[in-house]
Amino acid sequence: MKKTLIYIIGAGRSGTTLLDIMFGNIKDGISLGEINRFYKRNGVPPKRDKTSKVFLFWNAYKNQLSITDFKALHKQSEQNEYHSAFFKSTLRNNDTEYVDALKKQYETLEFVTQERVLIESSKYPTRALNISTYLDKERFDIKYIYLKKDPVKVVRSFQKKNLEQPSKGFLMSNLYYLIVNILCQICVVILRRRKHKVGVVKYEDLVNNSEGTIKELSIALGEDCEELIKKLSKGEPLNTGYLFDGNRIRLKETLTLHSSTKKEKKTVKDNITRILNYIVYK
């Protein structure tokens with residue numbers, strides 16, 4: 001059975017884990033989270049009990065991969081997936097060892113999953129290009145969602161401490177968000193030219209008009225999202241699936257979506273953020 005892979009791209013703190021969970025609730029879907037961190041974490045999903053279904057799933061996957069040197073593979077991933085490698089990937093000039101490992105990673109996922117639709121929220125646009133280039137099109141139908149979020153909220157989140165990801169200063173947060181989203185927009189153009197189906201969505205629409213937004217994504221991707229839409233319309237909890245890594249919400253068994261109407265007082269810094277990031281969020 002040919003698998004569908006839905007890969008979510010975007011900047012960190014933009015809600016990619018939430019979107020991963022949501023699409024994991026479509027018919028025959030499974031949420032897998034940030035698979036790109038598999039080598040960095042030595043194949044162990046963080047903050048999971050060894051008896052949990054998530055740990056057992058990824059442990060079985062790890063055994064199938066039979067990796068002997070996680071450190072070397074992590075280094076290869078950084079050199080071929082981080083934002084600095086974006087143009088290297090557009091030229092399809094990736095390292096052979098990395099390409100072989102990437103193919104094996106997804107071929108093993110194909111083997112260990114029963115579901116038809118795999119959802120991944122690794123985020124990096126460079127990895128998005130790589131799976132488009134190197135995965136077997138006879139085995140995977142690859143589709144993409146580009147998720148962006150109000151830059152003010154993202155920049156504020158980047159500056160918070162005591163979260164799983166390290167905090168950034170105000171200027172660095174703005175610069176990082178701007179660069180990543182520019183790369184994402186270039187990535188979307190390339191992927192569409194390669195005839196991939198790509199949906200583009202704002203986090204605020206996803207949360208405040210979830211049913212309508214999912215319907216639009218359903219059309220853009222050509223996927224049956226009726227089961228998810230029914231759950232959202234009834235306010236039913238969503239299963240969080242088997243997320244390897246990502247936002248802390250992954251640690252819950254289920255998640256109920258709530259819209260937000262909270263308004264925060266805008267500051268001078270917020271206005272600077274909106275100006276700097278207008279081009280990527282308009």
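1. Buried means under 20% relative accessible area, exposed means over 50%, and partly exposed lies in between. D28 has 36% relative accessibility, so D28 counts as partly exposed. Keep these cut-offs in mind for the points below. Note also that this is a predicted model.

2. Start with D28. Where does D28 lie? D28 sits in the loop between α1 (16–23) and β2 (29–33). Its backbone deserves a look. D28 is not a glycine, yet D28 has a positive phi of about 60 degrees. Most residues other than glycine have a negative phi. D28 also takes part in a surface feature. Together with D224, E226 and E227, D28 forms a negative surface patch.

3. K123 is another residue with an unexpected sign. Phi of K123 is near 80 degrees, a positive value in a residue other than glycine. K123 lies in strand β3. Is K123 buried or exposed? K123 is buried, because its relative accessible area is 10% and buried means under 20%.

4. Now take strand β3 as a whole. β3 spans residues 117–123. β3 is mostly covered, with 7 of its 7 residues buried. Both faces of β3 are covered. V117, I119, S121 and K123 are on one side. L118, E120 and S122 are on the other. The charged names in this list are worth finding in the model: E120 and K123 are both among the buried residues.

5. Strand β1 (residues 3–9) gives a similar reading. Here too the strand is mostly covered, and 7 of its 7 residues are buried. K3, L5, Y7 and I9 point one way from β1. T4, I6 and I8 point the other way. Each of these side chains belongs to a buried residue.

6. Which strands pair with β1? One is β3: the two pair in the parallel sense over 5 bridges. Within this pairing, T4 stands opposite V117, and I6 stands opposite I119. Another partner is strand β4 (residues 140–148), joined to β1 by 7 bridges. β1 and β4 also run parallel. There, I9 stands opposite Y146.

7. β3 has a further partner. β2 and β3 pair in the parallel sense over 4 bridges. Which residue of β3 is the bridge partner of G33? The partner is E120. To trace the pairings by eye, go from β2 to β3, from β3 to β1, and from β1 to β4.

8. Next, the charged contacts. How many salt bridges are there? The count comes to 15. Several are connected: E34, R37, R41, K123, D245 and R250 are linked in a network of salt bridges. K123, whose phi is positive, is thus met again here as a member of the network.

9. Look at two pairs inside that network. E34 forms a salt bridge with R37, with the closest N and O atoms 2.7 Å apart. E34 counts as buried because its relative accessibility is 2%. D245 and R41 meet through their side chains in a salt bridge of 2.9 Å, N to O. This pair links distant parts of the chain, 204 residues apart. D245 is in the loop between β6 (238–239) and β7 (254–255), and R41 is in the loop between β2 and α2 (53–65). The two ends differ in cover. D245 is buried, with a relative accessible area of 2%. R41 counts as partly exposed, because its relative accessibility is 30%.

10. One more salt bridge deserves a visit. R127 forms a salt bridge with E81, and the closest N and O atoms are 2.6 Å apart. This pair also links distant parts of the chain, 46 residues apart. R127 is in helix α6 (residues 125–134), while E81 is in helix α3 (residues 70–81). Are these residues buried or exposed? Both R127 and E81 are buried.

11. Finish on the surface. Which residues form a nonpolar patch there? They are F87, I182 and I186, with about 260 Å² of accessible area together. I186 lies in helix α8 (residues 170–193). The relative accessible area of I186 is 32%, so I186 is partly exposed. Compare the negative patch of point 2, where D28 is joined by D224, E226 and E227.

Technical notes
Residues are numbered from 1 along each chain as its sequence is written. This is a predicted model: local features need pLDDT of at least 70, side-chain atom pairs count only at pLDDT 80 or more; totals for chains, interfaces and linings use all residues. Side-chain values use heavy atoms; hydrogens and water are left out. Buried means under 20% relative accessible area, exposed over 50%, partly exposed in between (1.4 Å probe, protein chains only). Two strands pair if DSSP finds at least two bridges between them. Patches are made of residues with over 30% relative accessible area and no salt bridge: like charges are joined within 9 Å, nonpolar side chains (Val, Leu, Ile, Met, Phe, Trp, Tyr) within 5 Å. Accessible areas come from the Shrake-Rupley method with a 1.4 Å probe; for residues, only the protein chains shown count as cover. A salt bridge is a side-chain nitrogen of Lys or Arg within 4 Å of a carboxyl oxygen of Asp or Glu. Lys and Arg count as positive and Asp and Glu as negative; His and the chain ends are not counted. The place of a charge is taken as NZ of Lys, CZ of Arg, CG of Asp or CD of Glu.
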